[in-house]
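Q: I would like a close look at a single part of this model, with its surroundings brought in afterwards for context. Please take the description step by step.

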Amino acid sequence: MMRMQTPADLTASPFLLNVRRLEENLATVIKGKLRATRLLIVALLSGGHALLEDVPGTGKTTLAKSLARSIEGTFRRVQFTPDLLPADITGSSFYRPREGTFEFREGPVFANVLLADEINRTSPRTQSALLEVMQESQVTIEGVRRELPRPFFVVATENPIEFHGTYPLPEAQLDRFAMRITMGYPDREHEIEVLFSQHERHPFDALEPVLTTSQVIEMQQQVRAVRVDRSVADYIVRLVEQTRGDARLRVGISPRGSLSLYRACQASAMLSGRDFITPDDVRELAIATLSHRVILDTKARYAGARPDQVIEEAMEKTPVPR
Amino acid sequence: MNHDSTAPACGPVRLYSSTGMTDGLEPVDQRLPWATTGAAILAFIALYYSGRSRFDGVALMGTVLVAAAFIHQRLPASLVLAWFLRITIFAAIIVLGPPRRRINVSAAFEPDFVHYFGYLLMAELLLRVWQYHKQGPPPGDIMVLTGLIFMSATNTMDTHHIPWLAPPFMILMGLSLRDFQRRGQSAPSHRTAAVWRQWSWRGGAIAVMIGLGLGGSLAVASFGPSVERWAMVVLANQYQGREVGMSGTAQLGAVYNPAPSPQRVMRIANFHGGDAHLRGLVFDAYRYGNWGPSMRARQFFPAPPNELGPLSIGQRAAVNRYDEGIGLIYAPLDVAGVVPRDDLLIEWNPADGMALREEGSLRQTRDYDLVFPRPDERRHTPLNQPPDDAQRPMYLRIPEELDPVAAPMAEKIAPATLPPIERARAIERSLRANHAYSLTVNPGEGDPVTSFLRGEIPGHCQYFASAAVMLLRSAGIPARMVTGFYAHEREPNGDLTVRQRDAHAWAEAFVDDRWVMIDATPSGGRPDELFPRISQARRIGEWLSDLPGLIWRWATNLELWQLGLAGALMAAGFGTVALIQRYRRRAPGDLPYDQPDLAMRQLGRRFEQLLKRAGLEISPRRTWRQHLGAADAAYGRFVDRYDEARFGEFDPERFNRLESQLRQLEQSPASAKSAIVSTKANA
């Protein structure tokens, strides 16, 4: 459960003002998904990438699209299909016979927000093309390194891996997402609202950008200034260490995972109007940031263990600083 | 030290620690720096060895106080447990106390135990004040403790404690008034009551206190004498009266149930042979139960350096003497030499039987050697000098009211036909055989020695000694009365220990050109048979109090390499302790993280107490917010503020706000219950 802390000086801080504008904008399209919305914003502001996972039709793509449109920047969308090739994403050089030269044509990754829709429907080869892009915000094509625009934010959506026609994402790929966000079905009230809101036309069409790219960059920098007490950092590391020693896991959580949690906590604290993070932040974000990084061994999987449950147990075993 | 993740460009980086805070209330660690701690302990040790025994307690308590800063986290927090411990310790003191063979009194009321109890409570009081300081008024248990100390101080009639105790007692009492309101759990009505009502409560409490105090003092003023008389009756039956011990005078007055004081006077090492009579004061003039001259009337002169025999080469016994309040030096009659150690100066009193005194030293222990003569040494040892012509009539004088009784008796017991030494021994034997011994004596009207000689009253050693002197004088033998100690108590290592209760009196008779000791007291009245054995608990206590001196003596005799080795061992010990502490910090139950400083930790602990009191189980693996739920806004706000002060940038103002917030919560624990109830309902 995400707790909303409403500080008294909500209107005072331009950061919070921006966040609220963004949230309100998204709320016109996505009904009753406050937590998912908020986690997505946390991922954006912490400088990571988000993976939206749920069954089809729960609004993953709509949420990603709405966020992209709310930011005034370039937005590209790639529909991942089994026959998609790496060059289709990163871009490739074309021969121009008239001039006798090669010209590079940028692929969809050259954007501020990249929506990788149904990412697990393409082959691992194409998925891996995103590795460098996501980690380093740059592309190397034919030996030439090309910088991507800033901010660069990948929102991927996927169906749960048990579904037909999906390729599971490789571990290295999964680890590069700061968070995995599940949507879930809306409750009845909100679903009725969804029906009525699309009575005449989709509310998405009326969506206007509320943030500029430079505002997003500034907010990302502010997030990095949030104070982290040594004890809380210690808590994060202990939590992660707990998973590394878990016998049910084939792979524990990498230091990249703890860094993602650290950044996510900073962003979340900022969203709550604080300039420091608390153990509560860690606990709230641990499952979203960590559960997609652990790999259960086969025995545990068949015994019915779930990754989020493993993280939950790790939290129940780690003392909390206070 | 805390790690701060922010880059230096992003605002000032302030560490949450005790350093760098300049203004406002600083939640600093209450431990003193190492150097200060060391200096304080040294100062207290110096005070302990300054020789003024009345500072002993202060020094002890001070050391405990300083040490408390280190053990303080390990003290039981629960009041119930603390009281349980206290009662157990007191019970142990009573059980391990001396056997109540002769004295028909509950050991709980013995002055010694009330003293121990007082010290115990005082130590705990100091710890508690230390624990609570900076956190508002001391709670009610502090006042209860202070009251008990006060009681134990007054019970032993140690009135000199009272001026020290009364002011803090009053202050603490005043401060505790608030607390009593806060802790009244059954009647919360006044907590939510209006301000004027709260003040009327406090006013009422103060009025009751003042009323009790006034009433008490009025009662004492008007019924004082009768209460005192009643108390004296009770005391005479129940309680021990005057303590038996050495004093500067010798009087044959009334004695009720005297208390044998086990206070140590001397410890004699290397003393061979059996028991010994160690003479202190010598008296020659007797009148109506009083022996003179008194200590004040005597004239002491510095003893000529060679007269006390520093060059004697016989066997030497080493005496460590503790303070007994008079400053006398005790030695057997036939000692060949009394040789002071260190810078002790000895004075003597040649006019009145060669009593020895040390000259104005303030040290607690005075050490000297007793040198015993070899058989071939001179006949007149320093203390055994024949009386001169001026002294001789004094040693033969008998008060006229005694003469009609003593002269015929002496003639009957010791006929003039016998040689002088036989006469003296006959008198000694007769007194031992024919007179009753009792420590409790009421001589009634008239001269005590006369009544004693007539067999009308029993007597204690001074009666026997006085009677012997009078009979000897009647038989024409110069005699004098001596008070001192009868040394008999052997330690396991062969040392002799002499205590106040070993005080004794005997006579000295001048026969065959030298003084001879005549102890006419029957053996059942001698200190070795009269009193019960010293309890084991007391022995352990004495050993502990001697320990620093023993260690010091041992250490000053060490070689350099031995000292080096000791230093290395000590360093190893400290290292081990440090390792253990490091391990302990990681032990389960203790949070493994960088801890905030003490003031913050205490706030946290108080908050957890509050939650526990409301019935919550606090797990160290969950945050407070998880325990609390979102039910009670006030509690949630406190946690917000706590996090702010703990994990955010430190600001003294934040800490102050936090503390006042906690105090408000503590004053209304009812809301905690509602919080918990609603949390459980939510769950």
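At what angle do the axes of helix H10 and helix H11 of chain A cross?

A: In this predicted model, the axes of helix H10 (residues 230-244) of chain A and helix H11 (residues 255-271) of chain A cross at roughly 140°, and they come within 10 Å of each other. Because angles over 145 degrees would count as roughly antiparallel and those from 65 to 115 as roughly perpendicular, H10(A) is classed as oblique to H11(A). The hand of the crossing between H10(A) and H11(A) is right-handed. On the side of H10(A), the residues that make the contact are Ala233(A), Ile236(A), Val237(A) and Val240(A), while H11(A) contributes Gly257(A), Ser258(A), Leu261(A) and Tyr262(A). Sorted by class, the contact of H10(A) with H11(A) consists of 6 nonpolar and 2 polar residues, with no charged residues taking part.

These two helices belong to a chain for which 14 helices and 13 strands are assigned. Chain A has 322 residues, of which 44% are buried, and among its contacts between residues at least 6 apart in sequence, 79% join residues at least 24 apart.

Elsewhere in chain A, 5 strands form an open sheet with parallel pairing, in the order S3-S6-S9-S1-S10. The edges of this sheet are strand S3 (75-79) and strand S10 (179-182) of chain A, each of which pairs on one side only, and from one strand to the next the twist averages 20°. The edge strand S10(A) is joined in the parallel sense to strand S1 (residues 50-53) of chain A over 4 bridges, and within this pairing Ala50(A) stands opposite Met179(A) of S10(A).

Chain B, with 20 helices and 19 strands, offers a further example of strand pairing, this one in the antiparallel sense: strand S18 (residues 503-511) of chain B pairs with strand S19 (residues 514-518) of chain B over 5 bridges. Glu508(B) has Met517(B) in S19(B) as its bridge partner. The hairpin of S18(B) and S19(B) has 2 residues between the strands, and in this hairpin Asp512(B) takes a positive phi near 55°. For chain B as a whole, 29% of the 683 residues count as buried, and 71% of the contacts between residues at least 6 apart in sequence join residues at least 24 apart.

Conventions. Residues numbered from 1 in each chain as written. Chains lettered and ligands numbered in written order. Predicted model: local features only at pLDDT ≥ 70, side-chain atom pairs only at ≥ 80, totals over all residues. Axes fitted to C-alpha atoms, helices over the stretch in contact; angles between N-to-C directions. Parallel < 35°, antiparallel > 145°, perpendicular 65-115°, else oblique. Left-handed = near helix turned anticlockwise from the far one by under 90°. Contact = placed C-beta atoms within 7 Å. Nonpolar A, V, L, I, M, F, W, Y, C, P; charged D, E, K, R; others polar. Pairing = 2+ DSSP bridges. Buried ≥ 20, exposed ≤ 12 C-beta atoms within 10 Å, placed from the backbone.
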